[in-house]
Amino acid sequence: MPSAERSGKEPAGGRRADVVRNQSRLLDAAAEVFVTSGLDAPVREVAARAGVGVGTLYRHFPTRVELVVAVFRHQVEECAQAGPRLLADADSPLSALRRWIDLFVDFLVTKHGLANTLQPDSSSFVALHTYFLDRLLPAAEQLLGAAVDAGEVRPGIEPYELMRGIGNLCIAGDDDPRYDPRRMIDLLLRGIEAPAAP
């Protein structure tokens, strides 16, 4: 049987790896472009940031909605997978929780404006919201639980209410230079910390 080199054909595995790399580059680039230029940014800007042609972008994501949904899911996955890693690497569970919340806030900024692309009552929007909760609530629960078990955070705080509170603080910061949501989130986190032992 002729080798891939002699036949002039690339192995299927190599093509697949290239496709995955291109897709990942496009999603990372789109996330950056959406933050700086908004969800209505020209797709050529996303393609240029990713270092691929517009045709490659359209092969992966034929419509803007498909691109936005894919970015949303990609960012959710990155945030969800970061939880256990941060818990293993951080000096303390509270430190891991704070670092994860920083990532969560970055994600909220990235997905800002999604409602303008998907109607809140559409099946796509509902499915993404469910996916968001299904993937991120367990990470928040693990980190929050570890911080409570370590005596660093007060017991009785639900992961959902913490995530919802952070989300609400982020929404309130839209285009208002007098408001810093990260400062308010820091105050919120200080408020849930367990009091120091006497």
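**Briefing: an all-helix chain with two cavities**

The count of cavities of 30 Å³ or more comes to two. The structure shown is a predicted model, and its chain holds 10 helices and zero strands. The points below begin with the chain as a whole, then turn to one of the cavities, to helix H8 and finally to a single tyrosine.

**The chain as a whole**

- Read along the sequence, the elements follow the pattern α-α-α-α-α-α-α-α-α-α, in keeping with the count of 10 helices and zero strands.
- The chain has 198 residues, of which 36% count as buried.
- The chain exposes about 11,600 Å² of area, and carbon and sulfur atoms supply 53% of that figure.
- When contacts between residues at least 6 apart in sequence are considered, 66% of them join residues that are at least 24 apart.

**The second largest cavity**

- The second largest cavity contains about 30 Å³ of space, and the residues that line this cavity are Leu-97, Trp-100, Ile-101, Ala-140, Leu-162, Met-163 and Ile-166.
- Two helices, H6 (93–110) and H9 (159–171), each supply at least two residues of that lining.
- Ala-140, which is one of the lining residues, is also listed among the buried residues of helix H8.

**Helix H8**

- Helix H8 covers residues 123–149, and because a helix is expected to advance 1.5 Å a residue, its 27 residues should span 39 Å, which agrees with the 38 Å that separates its end C-alpha atoms.
- H8 nevertheless bends by about 30° at Leu-136, and a proline, Pro-138, follows within four residues of that position.
- The buried residues of H8 are Leu-128, Tyr-131, Phe-132, Leu-136, Ala-139, Ala-140, Leu-143, Leu-144, Ala-146 and Ala-147, so that Leu-136 is both a buried residue and the site of the bend.
- After H8 comes Gly-151, a residue whose phi is positive, near 75°.

**Tyr-160 in helix H9**

- Tyr-160 has its place in helix H9, one of the helices that supply residues to the lining of the second largest cavity.
- The relative accessibility of Tyr-160 is 39%, and since this value lies between the 20% limit for buried and the 50% limit for exposed, Tyr-160 counts as partly exposed.
- Leaving aside residues up to four places away in sequence, Tyr-160 touches Leu-133 and Leu-137.
- Glu-141 lies 19 residues from Tyr-160 along the chain, while the C-alpha atoms of these two residues are separated by 8.4 Å.

Notes
Residues numbered from 1 in each chain as written. Predicted model: local features only at pLDDT ≥ 70, side-chain atom pairs only at ≥ 80, totals over all residues. Heavy atoms only, no water. Expected span 1.5 Å × (residues − 1). Bend = angle between axes of the 7 residues up to and from the residue. Buried < 20%, exposed > 50% of the residue type's maximum accessible area, 1.4 Å probe, protein only. Contact = heavy atoms within 4.5 Å. Areas by Shrake-Rupley, 256 points an atom, 1.4 Å probe, with all protein chains shown as cover. 1 Å grid on protein atoms, 1.4 Å probe; cavity = no way out; pocket = protein on both sides within 12 Å on 5 of 7 lines; lining within 4 Å. Points joined across faces, edges and corners; volume = space filled by probe spheres on them.
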